[in-house]
Amino acid sequence: FCSMMSERRGREWNHGLCGCCDDPSICCSSFWAPCCIFGRNASRVGDHGLLCCLGSAIPLLNIWFGASIRGKIRKATNVEGDGVTDVCTCLFCPLCALAQESQELNDLRTERSPPVVRQPRMVVL
């Protein structure tokens, strides 16, 4: 947890904390099935998705897991922040945080995916 406390300089989040409606499917999933989104986010940064999904249902443990996963997402995407803001965000706006993190990971996946190169089709006459 102490490593989460060190300040990290970087860029801003692509989607604001209140921008959960930027992607309606993520917004609805975060509201109706937060443990599933939490587990998916955790697995996308290398943690055990099922364990984090189950842990997200246990009070206090969910805040610790949430802040830890949020910190890993910030590190992976070079977003500015620290452990204190991660804990506060997960404590006071957990569903918005889940949506924001999921959207950020989607953006990261899109940025890292190679462009699709289509081969020309051969037409036989």
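Let's start at one residue and work outwards: setting aside neighbours within four places in sequence, Ile73 touches Trp13, Asn41, Val45, Glu101, Glu104 and Leu105. The model you are looking at is a predicted one. Ile73 sits in helix H5, and with a relative accessibility of 0% it counts as buried, because the cut-off for that class is under 20%. One of its partners shows how the fold brings separate parts of the sequence together: Ile73 and Glu104 are 31 residues apart along the chain, yet their C-alpha atoms are 8.0 Å apart in space.

Now step back to the whole chain. The protein chain has seven helices and zero strands, so that, read from the N terminus, the order of elements is α-α-α-α-α-α-α. Of its 125 residues, 37% are buried. If you take the contacts with a sequence separation of 6 or more, 73% of them join residues 24 or more positions apart.

Ile73 also belongs to the largest nonpolar core, which has twelve residues. Its members are Trp13, Ile37, Phe38, Ala42, Cys52, Phe65, Ile69, Ile73, Val79, Leu98, Leu105 and Leu108. At least two residues of this core come from each of H3, H5 and helix H7, the last spanning 94-112. Trp13 and Leu105, both core members, are also among the contacts of Ile73 listed at the start.

From the core we can turn to how the helices pack. Two packed helices are described by the angle between their axes and the distance between the axes. Take H3 (residues 34-44) and H5 (residues 61-77) to begin with: their axes are 10 Å apart and the packing angle is about 45°. H3 is therefore oblique to H5. Their crossing is left-handed. On the H3 side the contact uses Phe38, Asn41 and Ala42, and on the H5 side Phe65, Gly66, Ile69 and Ile73. Sorted by class, the residues where H3 meets H5 are five nonpolar and two polar, with no charged ones. Several names here will be familiar, since Phe38, Ala42, Phe65, Ile69 and Ile73 are listed in the largest nonpolar core too.

Gly66 deserves a closer look. This glycine is found in helix H5, and it is buried, with a relative accessible area of 3%. Beyond its neighbours within four places in sequence, Gly66 is in contact with Phe38 and Cys90. Phe38 belongs to H3, whereas Cys90 belongs to H6. Gly66 and Ser56 are ten residues apart along the chain, and 7.5 Å separates their C-alpha atoms.

Following Cys90 leads to the next pair. H5 and H6 cross at roughly 125°, and their axes come within 8 Å. H5 is therefore oblique to H6. Here the crossing is right-handed. H5 brings Ile63, Gly66, Ala67, Arg70, Gly71 and Arg74 to this contact, while H6 brings Gly83, Asp86, Val87, Thr89, Cys90 and Leu91. By class, the residues joining H5 and H6 are five nonpolar, four polar and three charged.

A third pair lies earlier in the chain. Helix H2 (residues 24-32) packs against H3 at an angle of about 115°, with 5 Å between the axes. H2 and H3 are therefore roughly perpendicular to each other. Ile26, Ser29, Ser30, Phe31 and Trp32 of H2 meet Pro34, Ile37 and Arg40 of H3. That contact between H2 and H3 has five nonpolar residues, two polar ones and one charged one. Ile37 links this pair back to the largest nonpolar core, where it is one of the twelve residues.

Finally, look at the loops on either side of H5. Most residues other than glycine have a negative phi. Which way do Leu60 and Asn78 go, positive or negative? Leu60 has a positive phi, near 75°, and Asn78 has a positive phi of about 60°. Leu60 lies in the loop between helix H4 (49-55) and H5, and Asn78 in the loop between H5 and helix H6 (83-92). Leu60 is exposed, with a relative accessible area of 68%, while Asn78, at 37% relative accessibility, counts as partly exposed.

Methods: Residues are numbered from 1 along each chain as its sequence is written. This is a predicted model: local features need pLDDT of at least 70, side-chain atom pairs count only at pLDDT 80 or more; totals for chains, interfaces and linings use all residues. Side-chain values use heavy atoms; hydrogens and water are left out. Axes are lines fitted to C-alpha atoms, for helices over the stretch in contact, and angles run from 0 to 180 degrees between N-to-C directions. Helices (H or I, at least four residues) and strands (E, at least two) are DSSP runs, numbered from the N terminus. Angles under 35 degrees count as roughly parallel, over 145 as roughly antiparallel, 65 to 115 as roughly perpendicular and the rest as oblique. A crossing is left-handed if the near helix is turned anticlockwise from the far one by less than a right angle, and right-handed if clockwise. Contact means heavy atoms within 4.5 Å. Ala, Val, Leu, Ile, Met, Phe, Trp, Tyr, Cys and Pro count as nonpolar, Asp, Glu, Lys and Arg as charged, and the others, Gly among them, as polar. A nonpolar core is a set of buried Ala, Val, Leu, Ile, Met, Phe, Trp, Tyr and Cys residues joined through side-chain atoms within 4.5 Å. Buried means under 20% relative accessible area, exposed over 50%, partly exposed in between (1.4 Å probe, protein chains only).
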